[in-house]
Amino acid sequence: MTITSAALLLFLILDPLGNIPVFLSLLRKLPPRRQRVVLARELLIALAVLMMFLWGGKYALEVMHLRQESVSIAGGIVLFLIGIRMIFPRPEGLMGELPDGEPFIVPMAIPLVAGPSGMAAVMLMGSEDPGRLMDWSIALLIAWGATAAILFSAPLLYRLMGSRALTAVERLMGMLLVAISVQMFLDGLATYLQIAPR
């Protein structure tokens with residue numbers, strides 16, 4: 001796998017276009033300048049997490065006696081709850097009462113950008129070909145940079161679409177997120193059942 005193909009694969013896994021409605025929903029109550037600060041912070045946290053999984057995720061899971069499928073199951077449950085709240089929004093917003101009125105780490109950095117599939121993908125790259133960790137790091141930086149560029153343009157999309165269209169897209173994406181989360185949960189469960197001691 002080349003750096004370009006790895007970067008494209010990671011870009012598709014990070015799914016910035018799918019994350020736009022969620023990010024807009026989480027950030028819309030903040031002033032524009034604060035939105036950019038929070039977005040930059042969450043993207044940097046996501047990048048740091050993905051880099052950690054690339055360089056040492058396999059060893060960290062071994063130390064904690066966690067399997068890769070547990071990450072998939074846990075991520076699926078969190079995304080399912082977020083999807084349900086997108087479909088049936090509460091008056092206090094998608095994530096309820098947030099500290100200082102803004103999200104921190106969950107759900108923007110993890111699991112929306114640095115989700116279980118992204119963590120699993122970089123862990124797989126790092127463990128299958130550890131001699132090319134620098135190449136995979138470059139691919140991850142390219143994918144992350146493209147993701148950041150798209151997500152920073154999200155407020156412009158909000159102005160173009162308006163609140164009604166955004167609400168419709170948000171609920172549609174909530175349904176897709178529920179379906180993806182269920183699939184993620186089932187994949188993790190199926191893998192666990194295949195390798196579980198009998």
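How many residues has H4, and how far does it reach from its first C-alpha to its last? In this predicted model, H4 has 20 residues and reaches 29 Å between those two atoms, which is close to the 28 Å expected at 1.5 Å a residue. I start with that helix, but I should say at once that, among the elements of the protein, H4, covering residues 68–87, has the lowest mean pLDDT, at 76, whereas H7 has the highest, at 94.

Let me put that into the context of the whole chain. The secondary structure comes to eight helices and zero strands, so to speak of the order of elements from the N terminus is simply to read α-α-α-α-α-α-α-α. Of the 198 residues, 42% count as buried, and among the contacts with a separation of 6 or more, 88% are between residues 24 or more positions apart. As for confidence, the mean pLDDT of the protein is 81, with 90% of the residues reaching 70 or more. There is one stretch I would treat with reserve, namely residues 94–99, where pLDDT stays under 50, and for which the model has 13 contacts beyond four places in sequence. Where pLDDT is low, the predicted coordinates should not be read in detail.

Back to H4 for a moment, and to its burial. The buried residues of this helix include Gly 75, Gly 76 and Gly 83, and with them Val 71, Ile 73, Leu 79, Ile 82, Met 86 and Ile 87. Glu 69 and Ser 72 are also on the list of buried residues in H4.

Leu 79 brings me to the largest pocket, since this residue is among those that lie nearest the pocket's centre, together with Pro 116, Ser 117, Ile 180 and Met 184. The space in this pocket is about 570 Å³, and its lining amounts to 31 residues, which by class are 18 nonpolar, 10 polar and three charged. At least two lining residues come from each of H1 (3–14), H2, H4, H5, H6 (116–128) and H8, and H8 gives the most, with nine residues.

H2 deserves a closer look. Is this helix largely enclosed or not, and why? It is largely enclosed by the rest of the structure, because 11 of its 12 residues are buried; among them are Pro 16, Gly 18, Asn 19, Pro 21 and Ser 25, as well as Phe 23 and Leu 24. Its length also agrees with expectation, because 12 residues at 1.5 Å each should span 16 Å, and the end C-alpha atoms of H2 are 15 Å apart.

Besides its part in the pocket lining, H2 (16–27) is one of the helices that supply at least two residues to the lining of the largest cavity, the others being H3 (32–63), H7 (133–152) and H8 (154–195). The count of cavities of 30 Å³ or more comes to one, and the largest has a volume of about 80 Å³. Its lining consists of Phe 23, Leu 24, Leu 27, Gln 35, Arg 36, Leu 39, Leu 151, Phe 152, Ala 154 and Pro 155, which divide into eight nonpolar residues, one polar and one charged.

Finally, some backbone geometry around H5. Which residues does the cis peptide bond with an omega of about 5° join? It joins Val 106 and Pro 107, and a second cis bond, with omega about 10°, joins Ile 110 and Pro 111. Pro 107 lies in the loop between H4 and H5 (108–113), whereas Pro 111 is placed in H5. Pro 107 counts as buried because its relative accessible area is 0%, and its C-alpha atom is separated by 9.3 Å from that of Val 22, although the two residues are 85 apart along the chain. Val 22 is itself among the buried residues of H2.

In the loop between H4 and H5 we also have Ile 105, which shows a positive phi of about 65° although it is not a glycine. With 28% relative accessibility, Ile 105 counts as partly exposed, because that class runs between 20% and 50%. Most residues other than glycine have a negative phi, and most peptide bonds are trans. I would therefore look at Ile 105, with its positive phi, and at the cis bond between Val 106 and Pro 107 with that general background in mind.

How values were computed. Residues numbered from 1 in each chain as written. Predicted model: local features only at pLDDT ≥ 70, side-chain atom pairs only at ≥ 80, totals over all residues. Heavy atoms only, no water. 1 Å grid on protein atoms, 1.4 Å probe; cavity = no way out; pocket = protein on both sides within 12 Å on 5 of 7 lines; lining within 4 Å. Points joined across faces, edges and corners; volume = space filled by probe spheres on them. Helix = DSSP H or I, 4+ residues; strand = E, 2+ residues; numbered from the N terminus. Nonpolar A, V, L, I, M, F, W, Y, C, P; charged D, E, K, R; others polar. Expected span 1.5 Å × (residues − 1). Buried < 20%, exposed > 50% of the residue type's maximum accessible area, 1.4 Å probe, protein only. pLDDT = per-residue confidence, 0-100. Contact = heavy atoms within 4.5 Å.
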